[in-house]
Amino acid sequence: MFYYLSFLQEHFSGFNIFRYITIRAAFASISSFLLCLWLTRKLIGFLSVRKIGDIIRDKKDFALHDDFKHKRETPGMGGIAVILSVVVSSLLWADMSNGYVRLILLAIIYLGFVGFLDDYLKFSRKNSKGLRPKLKFIAQVILGLALGIIFYLDPSIDHHLEIPFLKSIFIDLGILYILFSAVVIVGSSNAVNLTDGLDGLAIGCIIMAALAYTGMCYVAGHAVLSRYLMISFIPGAGELTIFCASLVGAGLGFLWYNCYPASIFMGDTGALALGGIIGIISLMIKKELLLVVVGGIFVAEAFSVIIQVFSFRLRKKRVFLMSPLHHHFQMKGMRESKVVVRFWIFAAIFALLSLATLKIR
């Protein structure tokens, strides 16, 4: 909305600042932060009154959480506040004529709705069984394939995968890019969902990844900078900077209440949506393989589960004391808050490393 004030610069030159992506990204982040602070506080009150708490029933949760009673009574579905803040802030500050912005907003709403159904069924049934895993997977695949087709048909997006640290070697997937897109989106969505097991862990890592993508989107949509860094120039991708900045702000606003001890949990409403979104952004700006670095923590969490399952089935032995990976460190005696902060530190390192790859090529 504010972007269109730049068209009035002939009448008032001050409106010219709304032309600049950097200015709008800064305001988008601030407005999203303040909005999420307010929405999360209201959501906590609304859900607490109605006794809508997170369901933790597995025996392992008793061993891992000293404050089990507190966690059991902590409301979930906090992802609603994050998603609403990102959407509203993007509507206020982004150029809504931009196809990438419209597409990413539709995607986060879609995934948020799938996660919401899962959370709602858990709370309404008073157990940990929500939407059937097969139905969640199908919903994610449908979105992944749909977006894959859109990206495949978009002439401004080629189907060559850039290799991090290399500038002249590419992988051409052709029509397989559609299937690859679905794998990226489904994988990133579920990886973040697996990470969302400790207070503030997932949202803190999402903030780090969103910060990295804020810079990458700006560079990918800037003709001069992308040429200088020898990366793919994606016309219009610069507007995604506004969306990523909104995600950073909303994440910080939610973390205010989600840090240990959490006053609200993100739930599948937020985890599925935010995870899928970082995968979609990587596809939009042609940094698909770099997602492994940007989301290094999410990759480690997902692979810890995969390794654990295969090891137990093939060898009848466990590699980790418990998976996902954050539970392994808890079982080794590390306090929850220390695990979370150390994972944040690694997430920050991964984000910085991903930005370094733009120059080290």
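**Exercise 1. Place Q140 in the fold and decide whether Q140 is buried or exposed.**

Step 1. Start with the helix: Q140 sits in α6, residues 133–153. Helices here are DSSP runs of H or I with at least four residues, strands are runs of E with at least two, and both are numbered from the N terminus.

Step 2. Now look at accessibility. Q140 has a relative accessibility of 3% and counts as buried. Buried means under 20% relative accessible area, exposed means over 50%, and partly exposed lies in between (1.4 Å probe, protein chains only).

Step 3. List the neighbours. Leaving out residues up to four places away in sequence, Q140 touches L111, V186, S189, N190 and L272. A contact means heavy atoms within 4.5 Å.

A word on the model before you go on: it is predicted, so local features need pLDDT of at least 70 and side-chain atom pairs count only at pLDDT 80 or more, while totals for chains, interfaces and linings use all residues. Residues are numbered from 1 along each chain as its sequence is written, and side-chain values use heavy atoms, with hydrogens and water left out.

**Exercise 2. Describe the chain as a whole: how many helices and strands does the chain have?**

Step 1. Count the elements: there are 15 helices and two strands.

Step 2. Check burial: of the 361 residues in the chain, 52% are buried.

Step 3. Turn to contacts with a separation of 6 or more: 74% of them are between residues 24 or more positions apart.

**Exercise 3. Work out how α7 and α13 meet.**

Step 1. Find the helices: α7 covers residues 177–195 and α13 covers residues 296–315. Their axes come within 8 Å and cross at roughly 85°. Axes are lines fitted to C-alpha atoms, for helices over the stretch in contact, and angles run from 0 to 180 degrees between N-to-C directions.

Step 2. Name the arrangement: α7 is roughly perpendicular to α13. Angles under 35 degrees count as roughly parallel, over 145 as roughly antiparallel, 65 to 115 as roughly perpendicular and the rest as oblique.

Step 3. Pick out the residues. From α7 come A191, V192, L194 and T195, and they meet I297, F298, E301, A302 and V305 in α13. By class, this contact has seven nonpolar, one polar and one charged residues. Ala, Val, Leu, Ile, Met, Phe, Trp, Tyr, Cys and Pro count as nonpolar, Asp, Glu, Lys and Arg as charged, and the others, Gly among them, as polar.

**Exercise 4. Repeat the analysis for α8 and α13, then zoom in on C205.**

Step 1. The axes of α8 and α13 are 9 Å apart, and the helices pack at about 135°. The two are therefore oblique to each other.

Step 2. On the α8 side the contact uses L201, A202, C205 and I206, and on the α13 side I297, F298 and E301. By class, the contact of α8 with α13 has six nonpolar, no polar and one charged residues.

Step 3. C205 belongs to α8, residues 201–220, and is buried at 2% relative accessible area. The C-alpha atoms of C205 and I297 are 7.4 Å apart, although 92 residues separate them along the chain. Not counting residues up to four places away in sequence, C205 touches I297, F298, F343, W344 and A347.

**Exercise 5. Which side chain makes a polar contact with that of H326?**

Step 1. Locate H326 in α14, residues 325–331. H326 is buried, with a relative accessible area of 0%.

Step 2. The partner is E301, at 2.6 Å. A polar contact is a pair of N or O atoms within 3.5 Å; within protein, one must be able to donate a hydrogen and the other to accept it, and residues adjacent in sequence count only if both atoms are side-chain atoms.

Step 3. Beyond four places in sequence, the residues that H326 touches include L194, T195, E301 and F343.
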